[in-house]
Amino acid sequence: MEWWLRSNWLNISLHLIELTLFMSYVDAAVQFTVVAPKVFYIPVNGTAKFNWDYTVTDRVNELKDHSPTWDLYLPNGSSTQLAYENTNNRSWRLSDSCPLNLRARIKIELPATLVISQVTLEDTGIYGCSLVLNTGAPLTNTSHLIVFDPPTFINAPSGTIEVLEGGALDVKCLANGNPVPIVKWYGPKGRSKIISSGRGSASLKIQNIRRYSNGTYECQANNYLQQPITKQVSVIIYYRPAVDVAPSTLLNAPSWNNHLVILHCLAFGNPSPVISWKNPNGYNIQYGVSSTKDGSLLTLITREDDDYGEYKCRATNSLGYAELIYKVYKIAVPGPPVIREITSKPFSIYIKWRRAPNNGGSPIIDYKISINTNPIKEVSIKDTFIVIGALEGNTIYSINISARNLVGYGNVTSIIEKTQKGSSVPSAKSTIALAVCLPIIFILLLVIVALLIYLWRKKRRSKGVNHQDGGILKLDTNLATEDERNSEERGKYNGHIGAEAGHKSGSCFQPFVKRPKRRPGQPRSKPLHILEPIKEEIIEEKAPDQEHEERIKVDKKISENGRTSGPVEYEEITIEPGNSDVEPKFGEFSLA
């Protein structure tokens, strides 16, 4: 098969090209370029235009003499020719089979448009245009014309409908048209939802209607693509009045003489109610009444006992009335508190009391306490006890206590109390100064203690280092001048040389030698040099007790040689190693 395709591919290609050219020729020869819509909606008395257009290469050879033709297709499947075009002169004519009711209303517009004017409901049907070919079947295109009658209301509500609350609402909306229109009821504006719908008619039904159903309702009728027709009706619901107390007003309002009272009454109803006020004696109130957006306001001042009692707010309309009663009652200042306990001290007084048995008809708010100090002190508290401080000892004080309610402060309970004997109480300034200085003093003490501990520990560490690094070389020797060296017995003087040891490696160091100060006229002694470093192995620290004993011996020997037995004054000299021929001995130095 593959070998056959390879050998005949040229012939196959030529046949495909010929077939493509033939189809292109047929398509390009006769075909519709513009067609009418599949469904066509035209209202009664309107004009229906079926737009068709076509293309043809050789009209005489490709089309028959009567082509194109326009036909009406009947429901039984047959067709009736309405008109045709003469191929030779491009003129159109009505066919003999064209119905009489269409003959006067049909015309053809080039290139192939069928026009039917003043259409009626009987013109509804399927219309078509056919291109009749010399060879082959004709080319036909059809369009369905639907002639409709726009909807009209037969029985539609309008204006206003009044209904009592709790009643039933039933309103019908009827419409006619071809096709039969769809009728719908929509709710009031802001609640635009479909309430009911039907073909040709719809009913607006609401059982047990309430006041919030007030508003404008709309009926719509529509068929197919035309704009709907509408009718609106306003529904008004009447209901009896209702009254309520405003949030800012109390039903039981306390008052007292020369006090202003404001009563606010809210009223609702349809028709709008008329509000009136009556005093406790049953008379209508004419003054102090003002209207508000949602009710009425009564302003009064209670001056006499007749001003206290029940005030009535009445709202009235054509359906009835409603009342609301306000009670204005009288209150007074509270009675005096009852003292339960008094305790006095040198500088303070403690007082405890019980709430007054008579609060005047209003809850106690607080208590005021005053004392006859200079200046007079006053304080308000909610508790039933108080400690009055910063007083003088052995002093008599007068204390007043009174309770307060909504009216004001009531009767006073007076107390005469004497403080106990005692020293003068510290002033507030001294108390504050003491409170500020004590923490500062405490902090300073802590700093001093910390500093002493630091110095003590530092001294301990320094002694530990000296013993560890080689100890202290203490040396007693006799120092004398040249005159003294010439004496029979070479004088020896005790001295003290302290030398700090070098590093443990045994490096050389320069010790310091202290000797007695030179007397006037006495020749200077030659410096004493240490030639070799003193090794750590020969350093031997004397115990404190042994050192003390040797000092005593030295002092004694100095006394015997004519020296003073007082303390020896020393001065520091530097012993430079390498400059002396004398080899020092431990515990004794010879003078050169």
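**Notebook: salt bridges, sheets and a nonpolar patch**

I began with Arg105, which forms a salt bridge with Asp123, the closest N and O atoms being 2.7 Å apart. For the record, a salt bridge here is a side-chain nitrogen of Lys or Arg within 4 Å of a carboxyl oxygen of Asp or Glu. The two partners come from distant parts of the chain, 18 residues apart: Arg105 sits in the loop between helix H3 (100–103) and S8, and Asp123 in the loop between strand S9 (113–116) and strand S10 (125–131). Helices (H or I, at least four residues) and strands (E, at least two) are DSSP runs, numbered from the N terminus. I looked up burial next, and both Arg105 and Asp123 are buried. My scale is relative accessible area: buried is under 20%, exposed is over 50%, and partly exposed is in between (1.4 Å probe, protein chains only).

A note to self on the source: this is a predicted model, with residues numbered from 1 along each chain as its sequence is written, and local features need pLDDT of at least 70. Side-chain atom pairs count only at pLDDT 80 or more, while totals for chains, interfaces and linings use all residues, and side-chain values use heavy atoms, with hydrogens and water left out.

**More salt bridges**

How many salt bridges does a search of the whole structure find? I got 10.

I picked out Glu109 and Lys49, whose closest N and O atoms are 3.7 Å apart in their salt bridge. This pair also links distant parts of the chain, with Glu109 in strand S8 (residues 106–109) and Lys49 in strand S3 (residues 48–50), 60 residues apart. Glu109 is partly exposed at a relative accessible area of 28%, and Lys49 is partly exposed at 38%.

I then checked Arg90 and Glu85, whose side chains meet in a salt bridge at 2.7 Å, N to O. Arg90 counts as partly exposed at 30% relative accessibility, whereas Glu85 counts as buried at 1%.

**The whole protein**

I pulled the totals: the protein has 6 helices and 36 strands. Buried residues make up 33% of its 592 residues. Its accessible surface comes to about 37100 Å², and 54% of that belongs to carbon and sulfur atoms; the areas come from the Shrake-Rupley method with a 1.4 Å probe, and for residues only the protein chains shown count as cover. Taking contacts between residues at least 6 apart in sequence, 62% join residues at least 24 apart, where contact means heavy atoms within 4.5 Å.

**Ile237**

Is Ile237 buried or exposed? I found it buried, at 0% relative accessibility. Ile237 lies in strand S18 (residues 229–245). Its C-alpha atom is separated by 5.4 Å from that of Leu164, although the two residues are 73 apart along the chain. Leaving aside neighbours within four places in sequence, I listed the contacts of Ile237, among them Val163, Leu164, Ile209, Arg211 and Asn270.

**Strand S13 and its partners**

Strand S13 (residues 169–178) has two faces that I could tell apart. Leu169, Val171, Cys173, Ala175 and Gly177 make the covered one; Asp170, Lys172, Leu174, Asn176 and Asn178 make the uncovered one. I traced two pairings, a pair needing at least two DSSP bridges between the strands. Strand S11 (residues 139–155) runs antiparallel to S13, joined by 4 bridges, and Thr152 stands opposite Asn176 in S13. Strand S16 (residues 201–206) pairs with S13 in the antiparallel sense over 6 bridges, and here Lys172 stands opposite Ser203 in S16.

**A four-strand sheet**

Further along, I logged an open sheet of 4 strands, in the order S29-S28-S31-S32, with antiparallel pairing. Strand S29 (377–381) and strand S32 (409–418) are the edge strands, each pairing on one side only. The twist from one strand to the next averages 20°; axes are lines fitted to C-alpha atoms (for helices over the stretch in contact), and angles run from 0 to 180 degrees between N-to-C directions. Strand S28 (residues 366–371) and S29 are joined by 5 bridges, and Ile369 stands opposite Val379 in S29.

**Surface patch**

Last lookup: which residues make the nonpolar surface patch of about 700 Å²? They are Ile441, Leu445, Ile448, Leu451, Leu452, Tyr454 and Leu455. Patch residues have over 30% relative accessible area and no salt bridge; like charges are joined within 9 Å, and nonpolar side chains (Val, Leu, Ile, Met, Phe, Trp, Tyr) within 5 Å. I placed Ile448 in helix H4 (residues 428–468), and at 47% relative accessibility Ile448 counts as partly exposed.
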